Amino acid sequence: MIDLAVLRNDPDVVRASQIARGDDPSVVDQVLAADERRRSALTEFESARAEQKAMGRDVAKAQGDEKAALLARTKELAEKVKSLQAEADAAETAARELVMGIGNIPEPGVPAGGPDDFAVVKHVGTPRDFAAEGVTVQDHLAIGEGLRAIDMERGAKVSGARFYFLTGIGARLELAILNAAMNLAQERGFSPMITPTLVRPETMRGTGFLGKHADEIYYLEKDELYLTGTSEVALAGYHTDEILDLSDGPLRYAGWSACYRREAGSAGRDTRGIIRVHQFHKVEMFSYARPADAAAEHARFLETEEAMLQALELPYRVIDTAAGDLGSSAARKFDCEAWLPSQERWMEVTSTSNCTTFQARRLSIRERGEQGTSPVATINGTIGTTRWIVALLENHQQADGSVYVPPVLRPYLGGLEVLTPVA
RNA sequence: GGAGAGUUGACCGAGCGGCCGAAGGUGACAGUCUUGAAAACUGUUGAGGGCAACCCCCUCCGCGGGUUCGAAUCCCGCACUCUCCGCCA
């Protein structure tokens, strides 16, 4: 939720934000009008209520006829208070719903436009010249099947399309990546967390995932629980309704969880292999920081993601996502994209968002300041997922179908330096 | 699944249907005392909202309804916590 004060004092900032995101700028005026209605309804209710309370005190003191007369009057007033309260509540709800529909205001420097209007921040590493090396490029599934690491067919048999088994070295490889990620995060001050993956509607709504992309989320109707698509949801919900002490710096968590996504809008895309699946694992960084520190924390997240990519010796680029592709909570988002040799394109492997105070305001997560409390900032970012297996297999494949293991993963694989195909 | 107990401010813990946003205590902060500290004493100490702002006013005693002129207090529903029994591991 954006700051209503900004919207009131500086509506043009919000209009510009809406335009940059490709959203409707006229909601700003709708919100202003609704807020106006809300405040006047509230004022009316409050004065009637104050009168009622004052009269109630008189009733308590009065006796006999006097009391009977007062009671008659307060009875009328009670009706009035009730209806004014209903009006005020309705106006409140209406205004709130409108405000909730507005996305976060992008940081200065974020490119305007949609998914294709990102800015490339940098390239790191160079994709291998497989032709020059005499390697015929295989895609991750072919390599993975050669290693007996990935079994899509049985995944489909058991659970349907976009499900898979990681078998043998495949399972170990995923654990290795996630453990290495967890280890790196811990070195950088993130406290390890294993989080719930089923959350209540309030939590899902609070984190801003129930907006336009609600279709992406699995919902268990009988239990009124949502399956989370990232541990960000649980980690953001963790401190809901709390007042935090950030005097020793940001609170940093590294969440490990299964992630579930319906992939409703992506039928036909990335259908081969494990690039886009309904269930995977992820290690996610999450910080609660002072708003003034949020951008620096965000930069730290990006740097940590890059450190992980570099440790895995993967060529990648960093993009600064355009406003229209930000997601409602984010004010800025950097994605790291690893090279995907089989398709000769870049593939998103990490994503880090600075949500400024947007999530915290919805979830009522604050810190105590000189004059009362104020919402904190939240930052999230990926350091490892099942999808990284794809980048790893493809970029480190050898002519004979074996796969080079970067040193950082070896301790988690019993010292293995090369993954070799099963004959 | 069955039976019972509970949910009050940072924490513990009282609370009759009518100045109860809530006694008392702990903690924290400030002051007095002290060379300094401790102890003692005194005071301050919840959140959200309305108002340009102060005063002031409103809301909040797990959540949502209801009864009532008036609800932390009575009634109903839900969530969560704890105990016991059963069942499954």
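**Notebook: core, helix crossing and sheet**

I started at M308 and looked up its neighbours, leaving out residues up to four places away in sequence: M308 touches I177, A180, A181, L184, I383 and W388. The model is a predicted one, and I read every contact below with that in mind.

Next I asked which core M308 belongs to. M308 is listed with L173 and L409 as the residues with the most contacts inside the largest nonpolar core, which has 59 residues. I then checked which element supplies the largest share of this core. Helix α8, residues 169-187, does so with 10 residues.

I followed α8 to helix α13, residues 388-395. Their axes come within 10 Å and cross at roughly 110°. I therefore noted α8 as roughly perpendicular to α13, since angles of 65 to 115 degrees count as such. On the α8 side the contact is made by G170, L173, E174 and I177; on the α13 side I found W388, I389, L392 and L393. I sorted the residues of this contact by type and got 6 nonpolar, 1 polar and 1 charged. Two names recur from the first entry: I177 and W388 take part in this helix contact, and both are touched by M308.

I turned to the sheet. How many strands does it have, and in what order do they stand? The sheet is open and has 8 strands, ordered β1-β11-β12-β13-β16-β10-β9-β4, with mixed pairing. At the edges I found β1 (119-124) and β4; each has a single partner strand, so one side of each is left without a neighbour in the sheet. Ignoring direction, I noted an average turn of 25° between neighbouring strands.

I went through the pairings from the β4 edge inward. Strand β4, residues 191-194, runs parallel to β9 and is joined to it by 4 bridges. I looked up M193 as an example, and its bridge partner in β9 is G255.

Is β9 buried or exposed? I counted 9 of the 10 residues of β9 (residues 251-260) as buried, so the strand is largely enclosed by the rest of the structure.

From β9 I moved to strand β10, residues 279-289. These two pair in the antiparallel sense over 10 bridges. Here C259 stands opposite F280 of β10.

My last pairing was β10 with strand β16 (residues 377-385), antiparallel over 8 bridges. V283 has G384 as its bridge partner in β16. I ended on β16 at residues 377-385, having met I383 in the first entry as a contact of M308.

Terms used: Residues are numbered from 1 along each chain as its sequence is written. Chains are lettered from A and ligands numbered from 1 in the order in which they are written. This is a predicted model: local features need pLDDT of at least 70, side-chain atom pairs count only at pLDDT 80 or more; totals for chains, interfaces and linings use all residues. Side-chain values use heavy atoms; hydrogens and water are left out. A nonpolar core is a set of buried Ala, Val, Leu, Ile, Met, Phe, Trp, Tyr and Cys residues joined through side-chain atoms within 4.5 Å. Buried means under 20% relative accessible area, exposed over 50%, partly exposed in between (1.4 Å probe, protein chains only). Contact means heavy atoms within 4.5 Å. Axes are lines fitted to C-alpha atoms, for helices over the stretch in contact, and angles run from 0 to 180 degrees between N-to-C directions. Angles under 35 degrees count as roughly parallel, over 145 as roughly antiparallel, 65 to 115 as roughly perpendicular and the rest as oblique. Ala, Val, Leu, Ile, Met, Phe, Trp, Tyr, Cys and Pro count as nonpolar, Asp, Glu, Lys and Arg as charged, and the others, Gly among them, as polar. Two strands pair if DSSP finds at least two bridges between them.
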